[in-house]
Amino acid sequence: LNIAADATSNVAPNAPTGVTLTPGAQPTISWTAGGDSDGNVIFYRVYRDGTAVAHRYGKTSDATTLSFTDRSAGGTAHTYYVATVDDDFAESARAGAL
């Protein structure tokens, strides 16, 4: 069975804005929601110390959660990025570098 896929029908969502970091032993990253012009935002993905797939660190449970606490920072300095993910699993540009 062959199924044709149309990868051009999905537009990546908008990146979150206003990304901030509350430092501490368990830093919290917060942001303002990104939108999606052709679907629904389903969650936000958090990257730590880079933006490659290997740097995916965590995600929110839904689209209304606009913060993430790193409970395993271990007192080490890290950089964080956040991406919006839509219902087709398209991902926005990463915002952050805190």
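Q: Which residues does Trp31 touch, not counting residues up to four places away in sequence?
A: In this predicted model, Trp31 touches Pro16, Thr17, Gly18, Val19, Tyr44, Val46, Thr60, Thr65, Leu66, Ser67, Phe68 and Val82.

Q: OK, and is Trp31 buried or exposed?
A: Buried. Its relative accessibility is 5%, and the cut-off for buried is under 20%, so Trp31 counts as buried.

Q: Which strand is Trp31 found in?
A: Strand E2, which covers residues 28-32.

Q: Let me zoom out. How many helices and strands does the protein have?
A: Zero helices and seven strands. From the N terminus on, the elements run β-β-β-β-β-β-β.

Q: What does the C-alpha trace span along its principal axes?
A: About 50 × 25 × 20 Å. The protein has 98 residues, and 35% of them count as buried.

Q: What share of the contacts comes from residues 24 or more positions apart?
A: 56%, taken over the contacts with a separation of 6 or more.

Q: Back to E2. What is the strand order in the open sheet of three strands?
A: The order is E1-E2-E5, and the pairing is antiparallel. Strand E1 (17-22) and strand E5 (67-69) stand at the edges with a single partner strand each, so each has one side without a neighbour in the sheet. From one strand to the next, the twist averages 10°.

Q: How many bridges join E1 to E2?
A: Four, with the two strands running antiparallel. Among the partners, Thr22 is matched with Thr28 in E2, and Leu21 is matched with Ile29 in E2.

Q: What about the hairpin of E1 and E2, which residue takes a positive phi there?
A: Gly24, with a phi near 150°. That hairpin has five residues between the strands.

Q: And the open sheet of four strands, what order does that have?
A: E4-E3-E6-E7, again with antiparallel pairing. Strand E4 (56-59) and E7 are at the edges, each with a single partner strand, so one side of each lacks a neighbour in the sheet.

Q: How many bridges do E6 and E7 pair over?
A: Two, in the antiparallel sense. Tyr81 has Gly96 in E7 as its bridge partner.

Q: Switching to the core. Which residues make up the largest nonpolar core?
A: There are 11: Val19, Ile29, Trp31, Val41, Tyr44, Val46, Phe68, Ala73, Tyr80, Val82 and Ala95. E2, strand E3 (41-48) and strand E6 (80-86) each supply at least two of these core residues. The largest share comes from E3, with three residues.

Q: Is there a general reason to expect a core like that?
A: In soluble globular proteins, nonpolar side chains tend to be buried together.

Q: Val19 is on that core list. What is Val19 in contact with, leaving aside neighbours within four places in sequence?
A: Val19 is in contact with Ile29, Ser30, Trp31, Val82, Ala95, Gly96 and Leu98.

Q: Now the rings. How many aromatic pairs does a search of the whole structure find?
A: Three. One of them is Trp31 and Tyr44, a tilted pair at 5.5 Å centre to centre, with 55° between the planes. Trp31 is in strand E2 and Tyr44 in strand E3, so the pair ties together parts that are 13 residues apart in sequence.

Q: And are Trp31 and Tyr44 buried or exposed?
A: Both Trp31 and Tyr44 are buried. Their C-alpha atoms are 9.9 Å apart in space.

Q: What about Phe43 and Phe89, how far apart are the ring centres?
A: 6.4 Å, with the planes at 55°, so this pair is tilted. Phe43 lies in strand E3 and Phe89 in the loop between E6 and strand E7 (95-96), so parts 46 residues apart in sequence are tied together.

Q: Phe89, then: buried or exposed?
A: Exposed, with a relative accessible area of 55%. Phe43, on the other hand, is buried, with a relative accessible area of 6%.

Q: Last one. Which charged end sits over the ring of Phe43?
A: That of Lys59, 4.4 Å from the centre of the Phe43 ring.

Notes. Residues numbered from 1 in each chain as written. Predicted model: local features only at pLDDT ≥ 70, side-chain atom pairs only at ≥ 80, totals over all residues. Heavy atoms only, no water. Buried < 20%, exposed > 50% of the residue type's maximum accessible area, 1.4 Å probe, protein only. Contact = heavy atoms within 4.5 Å. Pairing = 2+ DSSP bridges. Axes fitted to C-alpha atoms, helices over the stretch in contact; angles between N-to-C directions. Core = buried A, V, L, I, M, F, W, Y, C linked by side-chain atoms within 4.5 Å. Phe/Tyr/Trp six-rings, centres within 6.5 Å; stacked < 30°, edge-to-face > 60°. Lys NZ or Arg CZ within 6 Å of the ring centre and 35° of its normal.
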